[in-house]
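Biologist: I have the sequence and the model open, and I'd like to go through it piece by piece. Let's put it up and start.

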Amino acid sequence: MPLLTLTEVETLARAAHDGRTDKAGRPYAEHLAAVADGVRARGGDPDQIAAAWLHDAVEDAVLSEEWLAAAGLTARTKAIVRALTRGPGESQEAYAARILATPGALLVKEADLAHNADPDRLAVLPEPVRTRLTGKYERMRALLDPHP
């Protein structure tokens with residue numbers, strides 16, 4: 001099976017999340033694009049950029065694990081997407097440990113956290129939601145920092 005190009009991955013991710021919005025009511029594809037851009041800006045490679053586009057697809061059940069297994073993606077991209085797919089009830093500690101153990105996943109998660117924690121993005125949310133999410137993102141950053 002031929003590998004999907006980054007343009008094809010982007011198109012597929014945008015279509016899979018079509019009609020979905022983030023917590024602020026913005027089209028979800030804007031988040032995916034911001035994470036992919038963040039990965040590029042951090043020196044990420046094509047596997048990581050593809051994973052950035054797909055990082056929430058299995059977790060949010062817009063694409064299945066079966067789809068991922070059969071997709072024309074590198075094994076490394078698939079591993080990164082799986083590492084970034086937090087299971088129901090999974091602890092932040094277990095999730096962070098898997099990210100740290102998967103080559104290439106940390107950079108994608110860093111870009112994801114950077115966009116999620118963007119003060120402009122959080123500012124439009126109600127205070128209780130903003131406070132909860134800020135704490136969640138800070139805790140994940142601490143778990144992912146190998147040198148606290």
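**Loops, helices and a core**

Biologist: Which residues does Pro103 touch, leaving out residues up to four places away in sequence?

Modeller: Ground rules first: this is a predicted model, where local features need pLDDT of at least 70, side-chain atom pairs count only at pLDDT 80 or more, and totals for chains, interfaces and linings use all residues. Residues are numbered from 1 along each chain as its sequence is written, and side-chain values use heavy atoms, with hydrogens and water left out. Contact means heavy atoms within 4.5 Å. With residues up to four places away not counted, Pro103 touches Arg76 and Ile80.

Biologist: Is Pro103 buried or exposed?

Modeller: Pro103 sits in the loop between helix H6 (92-101) and helix H7 (105-116); helices here are DSSP runs of H or I with at least four residues, numbered from the N terminus. Buried means under 20% relative accessible area, exposed over 50%, and partly exposed in between (1.4 Å probe, protein chains only). At 62% relative accessibility, then, Pro103 is exposed.

Biologist: Ala61 is in a loop too. What is its phi?

Modeller: Ala61 lies between helix H3 (46-54) and helix H4 (65-70), and its relative accessible area of 64% makes it exposed. Most residues other than glycine have a negative phi. Ala61 is not a glycine, yet its phi is positive, at about 60°.

Biologist: On to the inside. Which residues have the most contacts within the largest nonpolar core?

Modeller: A nonpolar core is a set of buried Ala, Val, Leu, Ile, Met, Phe, Trp, Tyr and Cys residues joined through side-chain atoms within 4.5 Å. The largest one here has 39 residues, and helix H1 (6-16), helix H2 (28-41), H3, helix H5 (75-83), H6, H7 and H9 each supply at least two of them. Those with the most contacts inside this core are Val39, Trp53, Leu54 and Val108.

Biologist: Take Leu54. Which residues is it in contact with, apart from neighbours within four places in sequence?

Modeller: Leu54 is one of the residues with the most contacts inside that core. Setting aside its neighbours within four places, the partners of Leu54 are Val9, Leu12, Ala13, Leu63, Trp67, Leu73 and Val81.

Biologist: How far apart are the C-alpha atoms of Ala83 and Ile99?

Modeller: Ala83 is in helix H5 and is buried, at 1% relative accessibility. Beyond four places in sequence, Ala83 touches Tyr95, Arg98, Ile99, Thr102 and Ala105. Although Ala83 and Ile99 are 16 residues apart along the chain, their C-alpha atoms are separated by 5.3 Å.

Biologist: Now the helix pairs. Which way does H7 run relative to H9, and why?

Modeller: Axes are lines fitted to C-alpha atoms, for helices over the stretch in contact, and angles run from 0 to 180 degrees between N-to-C directions. The axes of H7 and H9 (residues 127-144) come within 11 Å and cross at roughly 160°. Angles under 35 degrees count as roughly parallel, over 145 as roughly antiparallel, 65 to 115 as roughly perpendicular and the rest as oblique. That crossing angle therefore makes H7 and H9 roughly antiparallel.

Biologist: What is the make-up of the contact of H7 with H9 by class?

Modeller: H7 brings Leu106, Lys109, Leu113, Ala114 and Asn116, and H9 brings Tyr137, Met140, Arg141 and Leu144. Ala, Val, Leu, Ile, Met, Phe, Trp, Tyr, Cys and Pro count as nonpolar, Asp, Glu, Lys and Arg as charged, and the others, Gly among them, as polar. The tally for H7 with H9 is six nonpolar, one polar and two charged.

Biologist: Leu144 of H9 is in that contact. Which residues does it touch beyond four places in sequence?

Modeller: Leu144 is buried, at 5% relative accessibility. Its partners outside that sequence window are Ala96, Ile99, Leu100, Leu106, Lys109 and Leu113.

Biologist: And how do H6 and H7 lie, parallel or oblique?

Modeller: Their axes come within 7 Å and cross at roughly 125°. The contact uses Tyr95, Ile99 and Leu100 of H6 with Ala105, Leu106 and Lys109 of H7. Given that angle, H6 and H7 are oblique.

Biologist: Last one: at what angle do H2 and H7 pack?

Modeller: Glu30, His31, Ala34, Val35, Gly38 and Val39 in H2 meet Leu107, Val108, Ala111, Asp112, His115 and Asn116 in H7. The axes of H2 and H7 are 8 Å apart, and the packing angle is about 130°.

How values were computed: Helices (H or I, at least four residues) and strands (E, at least two) are DSSP runs, numbered from the N terminus.
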